[in-house]
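Got your viewer open? Here is a short tour, with something to select at each stop.

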Amino acid sequence: MSSHPQPHFSLTDRLRSGYHRVWYEASQALRWSRGTFREQSTGTLTQLTNAQFRRVDDLAAIYHRRFEANLPPETAFLNYAYLDLLDRAKHALKWAVPTGQHVCDLGSANFAYAAALSTFFQPIRLVGVEVDGYRLYCNGRSRLDYARGHIQDLPRTDYVVADYRQFNQSAHFISAWFPFVTPQPLLAWRLPLSLFDPNAILARVANNLIVGGTFAMINHSLAEARVAHHLVEATGLVCQGCYIHEHPLRPRPQPAVLTLWQQS
Ligand SMILES: C[S@@+](CC[C@H](N)C(=O)[O-])C[C@H]1O[C@@H](n2cnc3c(N)ncnc32)[C@H](O)[C@@H]1O
């Protein structure tokens with residue numbers, strides 16, 4: 001557990017947290033899985049604007065990958081949206097992205113975007129780490145089942161149900177897409193406050209990164225990125241630059257922000 005003091009939480013937050021804890025602990029005890037669940041591809045993308053189709057075609061040509069060939073339309077488009085952010089950040093920050101690295105993604109949910117990471121990094125190994133991997137969906141499938149389907153066609157890719165605070169595996173590159181840096185989004189995701197521990201998670205990132213390795217954090221907004229910036233800075237990682245995704249492929253309430261950090 002973290003040595004950092006926990007922030008003060010209201011009674012309502014604690015009650016919500018207690019409720020979420022029951023479900024979270026039940027899913028951890030049950031470890032439910034019905035096996036790999038493969039969402040069906042239709043081979044196409046639907047309901048995109050002309051501009052979105054054009055950008056998708058650009059990305060497919062640059063990265064030689066058509067996500068809709070293996071994934072259903074929504075998941076395929078999600079992968080283009082994540083790839084779009086990475087691609088634009090790469091150009092804006094003049095980010096030299098080495099291939100053949102050990103890449104780890106923390107807080108991967110059902111790892112629906114694994115294909116985008118695999119395509120962009122062409123890693124020697126890709127691992128998604130998710131603490132709430134046994135969460136059940138209405139159809140009786142767990143996140144783990146979906147994640148296994150999402151990584152089925154990807155080379156050298158794993159999905160691990162684990163608390164990243166105790167995850168001890170070095171990597172050249174670590175990503176965190178929309179991690180919880182304030183408690184309210186964590187409660188909105190129906191998780192207990194005992195999991196709100198950004199300092200410990202980021203300290204583990206700094207420990208797991210090899211010297212010269214890179215950490216990319218993607219936040220929902222500039223305001224959230226500012227909060228995150230102070231937390232990451234406290235780990236000793238050095239900021240390499242920040243990219244604001246002003247014109248995302250998929251409309252968002254606020255532009256996402258990608259910040260690169262280096263282990264020196
Ligand atoms: C806001 S969600 C983002 C999910 C995903 N990265 C995406 O872009 O869709 C944050 C995720 O982090 C996971 N998480 C929170 N604390 C964690 C921890 N200590 N270790 C691993 N995963 C964690 C949550 O369960 C949740 O799935």
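We start with the whole chain, then visit two helices and end at the ligand.

A note before you click: this is a predicted model, where local features need pLDDT of at least 70, side-chain atom pairs count only at pLDDT 80 or more, and totals for chains, interfaces and linings use all residues. Residues are numbered from 1 along each chain as its sequence is written.

**Whole protein.** Show the C-alpha trace: along the principal axes, those atoms fill a box of roughly 50 × 45 × 35 Å. The radius of gyration is 18 Å, which agrees with the value near 18 Å for a compact globule of 264 residues (taken over C-alpha atoms; the rule is 2.2 Å times the number of residues to the power 0.38). Switch to cartoon and you'll have eight helices and seven strands; these are DSSP runs, H or I of at least four residues for helices and E of at least two for strands, numbered from the N terminus. Of the 264 residues, 42% are buried, meaning that 20 or more other C-beta atoms lie within 10 Å of a residue's own; with 12 or fewer it is exposed, in between partly exposed, and C-beta atoms are placed from the backbone.

**Helix 1.** Select residues 11–30. The end C-alpha atoms of helix 1 are 29 Å apart, which agrees with the 28 Å that its 20 residues should span (1.5 Å times one less than the number of residues). Add side chains for Ser-17, His-20 and Tyr-24, the buried residues here. Helix 6 (183–188) is included in what covers them, going by contacts, where C-beta atoms placed from the backbone lie within 7 Å. Just after helix 1, stop at Arg-31: its phi is positive, about 50°.

**Helix 8.** Now select 222–233. Which residues of helix 8 are buried? They are Glu-224, Ala-225, Ala-228 and Val-232. They share one side of helix 8 because they cover an arc of only 95° around the axis, counted from the directions from the helix axis to the C-beta atoms. Spin to the other side for Ala-223, Arg-226 and His-230, which are exposed. To see what the buried residues pack against, bring up helix 7 (198–208), strand 5 (209–219), strand 6 (238–244) and strand 7 (257–262).

**The ligand.** Finish with the 19 residues that surround the ligand, each with its C-beta atom, placed from the backbone, within 6 Å of it. Label the closest: Gly-107, Val-131, Asp-132, Tyr-164 and Trp-177. Colour the shell by type and you get 13 nonpolar, two polar and four charged residues.

Technical notes: Ala, Val, Leu, Ile, Met, Phe, Trp, Tyr, Cys and Pro count as nonpolar, Asp, Glu, Lys and Arg as charged, and the others, Gly among them, as polar. Two residues are in contact if their C-beta atoms, placed from the backbone, lie within 7 Å.
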